[in-house]
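Here is a quick walk through one chain, with an eye on its cysteines, its charged pairs, its backbone oddities and its surface. Have the viewer open and follow along.

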Amino acid sequence: MGDTMERKDGLTTFQLKVLAIISMLADHVGAVLYPEAVWLRYAGRLAFPIFCFLLVEGYYHTGNVAKYMARLGIFALISEIPFDLAFHQTLWFPAKQNVFVTLFIGLGMLWGLERERERIIRVGIVLLSMWAAEFLCCDYGFMGVLLIAVFGVTRGKNTARYLAGAVWNVFWPSRIQTAGALAMLPIALYNGQKGRSMKFFFYLFYPVHLFILYVAANR
């Protein structure tokens, strides 16, 4: 698997993850506790593009894709109840699945794309993955998987990558998502270095903070 060129300046994977979870927390606080505070939702638009970018980089840097997929799958299961409680006030809401499911599908898609060179089959892999995201009612749906594909196929072509990532945000029906185009700025500062390792903190943060928000909203 190829590596991006590393440099000393810029942002590490760790720093991008911190920025993404701060953005995500702002978004979810706004959605669950303060729906009238629209600025929190705007601040939250940076999170998903950064997580998709990091998923692609993580795929190309990992030494074991199977373990990577297993982690995403396990935390998708762990996160579903907190996700449903926080956003739908119920233990099980089949009409919407958490973002780990989206990332899991995206990771499987990247694995398939790397092993296939026939263009028509590669297109089929992307379309099938997008369909799976819609069928399972994943967070961000087919558009979320499409962004992962965009970051994957434009890897090593920075201008195309940042432009396509920005356009993805602009084409959302919701005007709020256009703010996500700003995520291309910190992504452009990525230096290819890992930084501090707090892998499971970032995985656990998602279900834990959702459960805390559910408790806070129902005091």
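## Cysteines

Let's start with the sulfurs: the structure holds zero disulfides. C52 has no bonding partner, and its nearest cysteine sulfur, the one in C138, sits 12 Å away. C52 is also buried, because its relative accessibility is 0% and the cut-off for buried is under 20%. Keep in mind throughout that this is a predicted model.

What about C138 itself? The closest cysteine sulfur to that of C138 is in C137, at 7.7 Å, which is too far for a bond. The cut-off for a disulfide is 2.5 Å between the sulfur atoms. C138 is buried too, with a relative accessible area of 2%.

## Salt bridges between helices

As general background, side chains of opposite charge can pair when their charged atoms come close. In this model the count comes to five salt bridges.

One of them joins R41 to D27, with the closest N and O atoms 2.6 Å apart. R41 belongs to helix α2 (residues 38-43) and D27 to helix α1 (residues 13-32), so the pair links distant parts of the chain, 14 residues apart. The two ends sit in different surroundings: R41 is partly exposed at 27% relative accessibility, while D27 is buried at 7%. There is a bit more to this spot, as D27, R41 and R45 are linked in a network of salt bridges.

## E57 and its two arginines

Which residues does E57 pair with? One is R155, where the closest N and O atoms are 3.0 Å apart. R155 lies in the loop between α7 (141-153) and α8 (158-170), and E57 is in helix α3 (residues 47-61), so this salt bridge ties together parts that are 98 residues apart in sequence. Both R155 and E57 are buried.

The other is R161, with the closest N and O atoms 3.2 Å apart. Here E57 in helix α3 meets R161 in helix α8, so the pair ties together parts that are 104 residues apart in sequence. Relative accessibility is 2% for E57, which counts as buried. R161 also counts as buried, at 2%.

## Backbone: two positive phi values

Most residues other than glycine have a negative phi. Q89 goes the other way, with a positive phi near 60 degrees. Q89 is placed in the loop between α4 (65-88) and α5 (99-114), and counts as partly exposed at 42% relative accessibility.

Y140 has a positive phi as well, near 75 degrees. Y140 is found in the loop between α6 and α7. Is this residue buried or exposed? Y140 is buried, because its relative accessible area of 15% falls under the 20% cut-off.

## A nonpolar patch on the surface

Last stop, the outside of the model. L128, W131, F135 and L136 make a nonpolar surface patch of about 470 Å². F135 is found in helix α6 (residues 119-135). With a relative accessible area of 56%, F135 is exposed, because the cut-off for that label is over 50%.

Definitions and conventions: Residues numbered from 1 in each chain as written. Predicted model: local features only at pLDDT ≥ 70, side-chain atom pairs only at ≥ 80, totals over all residues. Heavy atoms only, no water. Patch = residues over 30% accessible without salt bridge, like charges linked within 9 Å, V, L, I, M, F, W, Y side chains within 5 Å. Areas by Shrake-Rupley, 256 points an atom, 1.4 Å probe, with all protein chains shown as cover. Salt bridge = Lys/Arg side-chain N within 4 Å of Asp/Glu carboxyl O. Helix = DSSP H or I, 4+ residues; strand = E, 2+ residues; numbered from the N terminus. Buried < 20%, exposed > 50% of the residue type's maximum accessible area, 1.4 Å probe, protein only.
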